[in-house]
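Visitor: Please pick one part of this model and go through it closely. I would like to know how that part is held among its neighbours.

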Amino acid sequence: MLEDLQRLNRTHAVPGALSFEEGFGGVVARLGSAGSEAVVALQGGQVLSYVPAGSTTGVLWLSPAAKLGTGKAVRGGIPVCWPWFGPHAEPGKPAHGFVRAAPWTVTGAAASQEQTQLTLAFDATAVASELWPYQAQLMLTVAVGRSLKVTLTTANAGSCAIPLTEALHSYFAIGDIAEIGVSGLEARPYIDQLDAGRQKRQAGGIHFSSEVDRIYFDTTDTVTIDDPSLKRTIGVAKAGSRSTVIWNPWIEKGERLGDLGPEGYRRMVCVETCNAGPDIVTLAPGERHSLVQEIFVNNRA
Ligand code: TA6
């Protein structure tokens, strides 16, 4: 690992803006700009933390059991779900695709007055055909500054059209799930994953008193988390996305997952920028598509 770190810092480090270090048992990039800071794991291209300037509390929730190199995705931060969202119809294929626990490569870094940017890549041109019979190049750009902007770009490098579902599966840190409200999806249709996939329509804002697992579709809306106990709102804007998933496991599933920590379900909510459910992206040969999530935080006095 030391050699990797030395090579990465020699090749891509930007003094005062980007460096590579050991973290959570693996290699992570630490990037900052104007008082904001993010940590990104090379495993999975996964943003693990984001602390905006002026905040003391991180915006992203991370499991207390977070550890890289276990062969499993780290719970928390922003897992990359690609090239399919959720469970796969074929047995043996991993839920949420096959890149969120895989090694990614650093391909670029840049720093300006306004932001610091890191680019990672995953070569999906030689995946075992029984797992995924297509060819693509995947790029992830993380830009930290006044906001955190994550862009996942898929380029079809093969000769067949690629059907794609995907997500930036973001876990947000909150004071108490029972006190927050999520707005921006009023009157939108959604698939209720906890009610046999029945299609329903959102009435008013979203509040939590049990497990919630919903794919809102046909929506390009910005979603806002209002957190009275942490005295802040978190805005989740997006582009290249027609679906948003809202998820909290609540008590029973939270305990079953086993890596949320004591009462962990109370401290997190997922607002996921996706193309999922009926919102399938079909990428023609040579075509590229970007899924973008931008996170803003407003702290109240
Ligand atoms: O995005 C919500 C969801 O699909 C839930 O159904 C739950 O499975 C969650 O993702 C976490 O999935 P994971 O495979 O990371 O445990």
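**Strand β2 and its neighbours**

Guide: Strand β1 (residues 18–23) is joined to β2 by 6 bridges, and the two run antiparallel. A strand here is a DSSP run of E with at least two residues, numbered from the N terminus, and two strands pair if DSSP finds at least two bridges between them. This is a predicted model, in which local features need pLDDT of at least 70 and side-chain atom pairs count only at pLDDT 80 or more, while totals for chains, interfaces and linings use all residues. Residues are numbered from 1 along each chain as its sequence is written, and side-chain values use heavy atoms, with hydrogens and water left out.

At the end of β1, G23 has G26 of β2 as its bridge partner. Between β1 and β2 are 2 residues, which makes the pair a hairpin. F24, in that turn, has a positive phi of about 55°.

On to the next strand. β2 also pairs with β3 (residues 36–41), again in the antiparallel sense and over 6 bridges. Within this pairing, A29 is matched with V40 of β3. β2 and β3 form a hairpin too, with 2 residues between them. In that turn A34 has a positive phi of about 50°.

How enclosed is β2 itself? Of its 8 residues (26–33), 7 are buried, so the strand is largely enclosed by the rest of the structure. Buried means under 20% relative accessible area, exposed means over 50%, and partly exposed is in between (1.4 Å probe, protein chains only).

Side chains also connect β2 with β1. R30 and E21 meet in a salt bridge at 2.8 Å, N to O; the term requires a side-chain nitrogen of Lys or Arg within 4 Å of a carboxyl oxygen of Asp or Glu. R30 is partly exposed, at 31% relative accessible area. E21 is partly exposed as well, at 24%.

This contact belongs to a wider set, as the structure holds 15 salt bridges. Another one brings D221 and R188 together at 2.6 Å, N to O. D221 lies in the loop between β16 (212–217) and β17 (223–227), and R188 in the loop between β13 (181–183) and β14 (189–192), so this pair ties together parts that are 33 residues apart in sequence. D221 is buried, with a relative accessible area of 17%, whereas R188 is partly exposed at 30%. Elsewhere, D192, D195, R198 and K200 are linked in a network of salt bridges.

Terms used:
Helix = DSSP H or I, 4+ residues; strand = E, 2+ residues; numbered from the N terminus.
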